[in-house]
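Q: Please take a close look at a single part of this structure, the open sheet, and explain what surrounds it for a reader who has not met the structure before.

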Amino acid sequence: MPERPAVLVPVRVLAGESIPEGVPELLAHAHVVLLGVHVIPEQTAPGQARMQFEERGNRKLDEYEAVFEDAGATVERRLVFTHEAQQTVDRMIYEHDCLAVLVPNATSAPEEVLVPVRGTVGIDRLATVVAGLFGPTDAAVTLYHVVGPEETDEDVTVLLEGLSDRLTEAGLPADRIHTATASPEDTVDAIAAMAEDFDAVVMGETDPSLTTYLFGMPADAVADQFLGPVLVVQRERPDDAETAPE
Amino acid sequence: MPDGVATGENVEGERPEDEPRADRDAVTEHDEDVQLERTIGLVGGLAIGVGTMIGAGIFVFPGLAAANAGPAAAISFAVGGVIALLVALPTAELATAMPRSGGGYYFISRCLGTAGGAIVGLGLWLGLVFASAFYLVGLGHYVTAVLAEVGVTLPVSPVIPVGLVFAVLLTALSILGTENTAALQNVIVGLLLLILGLFLTFGVLDALGVFGRATAPQQLFPRGYFPVLSTAALVFTSYLGFAQVATVAGEIKRPARNLPQAMVGSVVLVTVFYVVTIFVATSSFGADKLGTFGETAMVEVARNLLGLPGAVAILLAGLLATFSSANASILSASRSVYALSRDALLPRRASRVNLRWGTPHVALLAAGGPIVVLVATGQVEVLAEVASFLHLVMYGLICIALLAVRRRDPGWYDPSFRTPGSPVLPAVGALASFALIAFMRGASIAIGVIIMVLSYVWYRYYAGTVRLRGEV
């Protein structure tokens with residue numbers, strides 16, 4: 001039995017967000033870090049919002065916690081009042097060693113999972129999440145690589161077979177692993193189009209760069225186009241990183 | 001964190017909220033996995049401190065101060081800066097031990113008792129209201145100067161109407177605005193410091209005769225020594241900002257490091273800017289002539305040094321600075337109302353968060369409403385002095401609170417920053433704060449004392465049985 005991968009599930013509990021259908025099944029074999037986050041404007045002190053909303057937020061979280069536990073997940077939860085949702089999400093990822101963050105969208109019980117693979121960076125973490133979540137289920141996993149202009153067939157084979165082997169070692173039977181490649185112009189569009197036939201997407205986070213600064217993270221772009229849930233596998237955080245930069 | 005259990009309830013049967021369980025670098029933790037994220041960094045803290053202070057000291061006071069004290073007004077600002085620093089150090093120590101919203105009110109209520117805390121807390125709220133009204137009247141003067149510059153003449157002075165419009169506008173914006181303006185505040189403060197830095201560098205070089213122009217020769221103390229101190233009392237409103245950093249102490253990241261640096265740093269920074277500004281201003285014109293320019297004297301100084309572009313830059317900076325000072329004060333006043341209401345010294349509903357906008361509309365109105373009334377008086381100097389009075393009382397008591405808590409040394413008291421020179425420097429800080437009050441005009445002292453008495457009466461009537469944690 002592989003260790004349960006920790007997956008962060010952020011929910012804006014007081015803004016009417018809830019856990020979409022199919023998500024508890026998707027994360028049945030995860031250690032769910034359930035983050036109820038309430039974002040407040042700067043005119044409001046976080047403690048002020050807490051006085052008024054703590055009870056309601058906790059009631060919602062009780063409900064969601066039960067849903068995840070009924071599906072089979074282990075759950076840890078926090079209710080956080082914050083001015084900056086992203087800072088809170090980053091801190092939770094770090095403090096709870098979350099391998100992946102869920103962008104929640106409704107789905108059916110996961111039978112077909114798409115795993116876009118960019119390169120070898122972070123492939124261990126990707127394998128841990130995919131094998132941990134889907135090894136114990138019947139879901140089929142398709143490893144998908146968008147081939148770049150400078151890659152040879154051999155490069156691609158090495159990449160996909162390497163990941164395949166890791167998944168098998170980690171407990172995902174080889175007969176449930178498929179591979180696919182394509183070489184279109186736009187990676188995000190290709191992944192989103194491909195994903196239409198799948199129940200969920202698991203993909204790696206991109207290192208921040210000027211491109212991601214200008215156009216956003218590819219994972220977020222995929223999540224916007226694909227209407228199902230996307231698990232974003234996080235980059236490794238350096239151990240000595242500050243939980244609260246600056 | 002203060003221990004013991006808060007007891008008692010107010011006349012509505014509300015009890016003080018429980019204290020959080022732990023303070024960490026990034027969050028404040030309550031029971032049951034409930035956390036409050038800390039989101040303000042060192043830059044944000046400095047921007048609150050500097051942004052609140054710099055509007056008044058540079059853009060409103062130079063003319064008034066020069067009229068009162070002559071070129072020695074620079075010394076008045078230095079005296080104010082030294083007193084502010086003497087208080088900022090103990091405040092920083094207390095804030096690192098108790099990084100909670102409410103600042104001075106919180107420290108005094110936990111170290112000196114609930115009654116003292118209530119007087120200071122209500123005084124802090126109203127002190128910020130007076131300060132904000134003062135900044136808005138200053139803003140009115142700047143808008144008037146802009147109108148004069150573009151050649152618009154009006155039958156009545158637009159100073160007070162403009163102040164009123166902005167008071168209403170700011171209150172409405174703070175209630176309705178959900179855009180995050182913290183980043184904007186940082187940019188405004190950075191821009192201000194840049195404009196002022198360039199302007200003052202040029203001014204100092206000019207005053208030292210580098211450009212070969214004559215400076216106005218004059219006597220340092222044309223009216224003797226007393227006006228230096230009474231002017232220090234008047235301009236002390238320019239040093240209220242570091243306490244505003246403490247009012248958001250509960251939201252500052254890494255409080256052990258950032259709180260002391262933001263408070264002490266902002267005081268030192270603005271003191272240097274103030275003293276240099278007065279030096280440049282009085283060198284440029286001579287104190288007597290400067291005094292005749294009133295609230296917007298700096299515009300004339302800039303015009304004299306750099307011509308029309310200089311005047312325009314300083315006008316623009318003055319608008320930004322007085323606006324951001326007024327805005328920061330309204331937000332701090334609302335935080336003070338929240339802190340009092342959390343401790344059942346004001347009705348709990350005073351800190352209600354509006355469901356539609358997520359903002360504390362009652363607390364913001366409790367700041368904006370009285371500000372409108374005060375702006376209508378248009379009394380720049382009295383508004384400034386009452387604001388200073390109420391803050392100085394708090395500052396003196398903060399120093400005493402530090403001495404008291406250090407002497408008692410309860411188990412929860414574990415500051416990560418320790419004031420140097422205790423007990424002498426905090427004692428001097430307390431005495432200096434109270435002494436400065438004596439140099440104010442009678443009307444300001446009377447208004448301040450009445451507010452304190454009413455605060456105490458309110459406490460006895462409304463929450464006389466409430467005893468907050470940490471008291472012994």
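A: What follows describes the sheet, the two chains that build it, and then the helix packing in chain B.

This is a predicted model, in which local features need pLDDT of at least 70 and side-chain atom pairs count only at pLDDT 80 or more, while totals for chains, interfaces and linings use all residues. Residues are numbered from 1 along each chain as its sequence is written, and chains are lettered from A and ligands numbered from 1 in the order in which they are written.

Chain A has eight helices and nine strands, where helices (H or I, at least four residues) and strands (E, at least two) are DSSP runs numbered from the N terminus. The radius of gyration of chain A, taken over C-alpha atoms, is 18 Å, close to the 18 Å that the globule rule gives for 246 residues, so chain A is as compact as a globular protein of that length; the rule is 2.2 Å times the number of residues to the power 0.38. The C-alpha trace of chain A spans about 60 × 40 × 35 Å along its principal axes. Chain B has 16 helices and three strands, and its radius of gyration of 22 Å is close to the 23 Å that the globule rule gives for 472 residues, so chain B too is as compact as a globular protein of its length. Its C-alpha trace spans about 70 × 50 × 40 Å along the principal axes.

The sheet itself is open and has 12 strands, in the order E7(A)-E6(A)-E5(A)-E8(A)-E9(A)-E4(A)-E1(A)-E2(A)-E3(A)-E3(B)-E2(B)-E1(B), with mixed pairing; two strands pair if DSSP finds at least two bridges between them. Its edge strands, each pairing on one side only, are E7 (177-182) of chain A and E1 (22-23) of chain B. Within chain A, strand E1 (residues 6-11) runs parallel to E4(A) and is joined to it by two bridges, with Leu8(A) standing opposite Val101(A) of E4(A). On the other hand, E4(A) and E9(A) pair in the antiparallel sense over four bridges, and Val103(A) has Val230(A) in E9(A) as its bridge partner.

Where the sheet passes from one chain to the other, three bridges join E3(A) to strand E3 (residues 34-37) of chain B, and these two strands run parallel. Leu79(A) has Val34(B) as its bridge partner in E3(B), and Phe81(A) has Leu36(B). The contact between the chains takes 29 residues from chain A and 36 residues from chain B, residues being in contact if their C-beta atoms, placed from the backbone, lie within 7 Å. On the side of chain A that touches chain B, the elements giving two or more residues are helix H2 (46-71), strand E3 (74-82) and helix H3 (85-95), and H2(A) gives the most, with nine residues. By class, that side has 10 nonpolar, 11 polar and eight charged residues; Ala, Val, Leu, Ile, Met, Phe, Trp, Tyr, Cys and Pro count as nonpolar, Asp, Glu, Lys and Arg as charged, and the others, Gly among them, as polar.

Helices of chain A also pack on the sheet. Helix H5 (residues 153-169) of chain A lies across E6 and E7 of chain A and runs at about 155° to E6(A), with axes fitted to C-alpha atoms, for helices over the stretch in contact, and angles running from 0 to 180 degrees between N-to-C directions.

Away from the sheet, chain B offers helix pairs. The axes of helix H7 (residues 182-207) and helix H12 (residues 297-342) of chain B come within 10 Å and cross at roughly 150°, and these two helices are therefore roughly antiparallel to each other (angles under 35 degrees count as roughly parallel, over 145 as roughly antiparallel, 65 to 115 as roughly perpendicular and the rest as oblique). The residues of the contact of H7(B) with H12(B) divide into 15 nonpolar, four polar and one charged. Helix H6 (residues 159-176) of chain B packs against H12(B) at an angle of about 55°, with their axes 10 Å apart, which makes H6(B) oblique to H12(B). This contact is made by Leu170(B), Thr171(B) and Ser174(B) of H6(B) and by Ala326(B), Asn327(B), Ile330(B) and Leu331(B) of H12(B).

Note on methods:
Two residues are in contact if their C-beta atoms, placed from the backbone, lie within 7 Å.
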